[in-house]
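Biologist: I am new to this protein and would like a careful look at a single part of it, set against the whole. Please take me through it slowly.

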Amino acid sequence: MNKLKEILAETFEIEVSAIGNDFSQDNCETWDSIGHLNLIVAIEEEFNISIEPEEIIKMTSLKTIMNYLNEKLAV
């Protein structure tokens, strides 16, 4: 999902090429609480969805976000 990587790169001010499959809060220095909220807003706007608060706290890596979007957008 290239668009998601673009959103992550823009939100956390890094190069898209720096985002590997293991990209997460744990290995991104700029992924803080404010960045997380900005990321959620950007995802909601880009994919025209609303993310529930209990889902937001689970979205801490590229993999978990992709899994969520695949489920949400498949419906």
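Biologist: Read along the sequence, what pattern does the protein follow? And could you then look closely at Ser-24, saying where Ser-24 lies, whether it counts as buried or exposed, and which residues it touches?

Modeller: Bearing in mind that this is a predicted model, the pattern read along the sequence is α-α-α-α, which comes from 4 helices and 0 strands. The radius of gyration of the protein is 11 Å, close to the 11 Å that the globule rule gives for 75 residues, so the protein is as compact as a globular protein of that length. Its C-alpha atoms fill a box of roughly 30 × 25 × 20 Å along the principal axes, and of the contacts with a separation of 6 or more, 48% are accounted for by residues 24 or more positions apart.

Within this frame, Ser-24 belongs to the loop between helix H1, residues 2–12, and helix H2, residues 33–47. Although Ser-24 sits in a loop, Ser-24 counts as buried, because its relative accessibility is 11% and buried means under 20%. Leaving aside residues up to four places away in sequence, Ser-24 touches Trp-31, Thr-60 and Ser-61.

For the protein as a whole, buried residues make up 33% of the 75 residues, while the exposed area is about 4,900 Å², with carbon and sulfur atoms supplying 47% of it. As for charge, there are 5 positive and 15 negative side chains, and the centres of these two sets lie 8 Å apart.

Terms used:
Residues are numbered from 1 along each chain as its sequence is written. This is a predicted model: local features need pLDDT of at least 70, side-chain atom pairs count only at pLDDT 80 or more; totals for chains, interfaces and linings use all residues. Side-chain values use heavy atoms; hydrogens and water are left out. Helices (H or I, at least four residues) and strands (E, at least two) are DSSP runs, numbered from the N terminus. The radius of gyration is taken over C-alpha atoms; the globule rule is 2.2 Å times the number of residues to the power 0.38. Buried means under 20% relative accessible area, exposed over 50%, partly exposed in between (1.4 Å probe, protein chains only). Contact means heavy atoms within 4.5 Å. Accessible areas come from the Shrake-Rupley method with a 1.4 Å probe; for residues, only the protein chains shown count as cover. Lys and Arg count as positive and Asp and Glu as negative; His and the chain ends are not counted. The place of a charge is taken as NZ of Lys, CZ of Arg, CG of Asp or CD of Glu.
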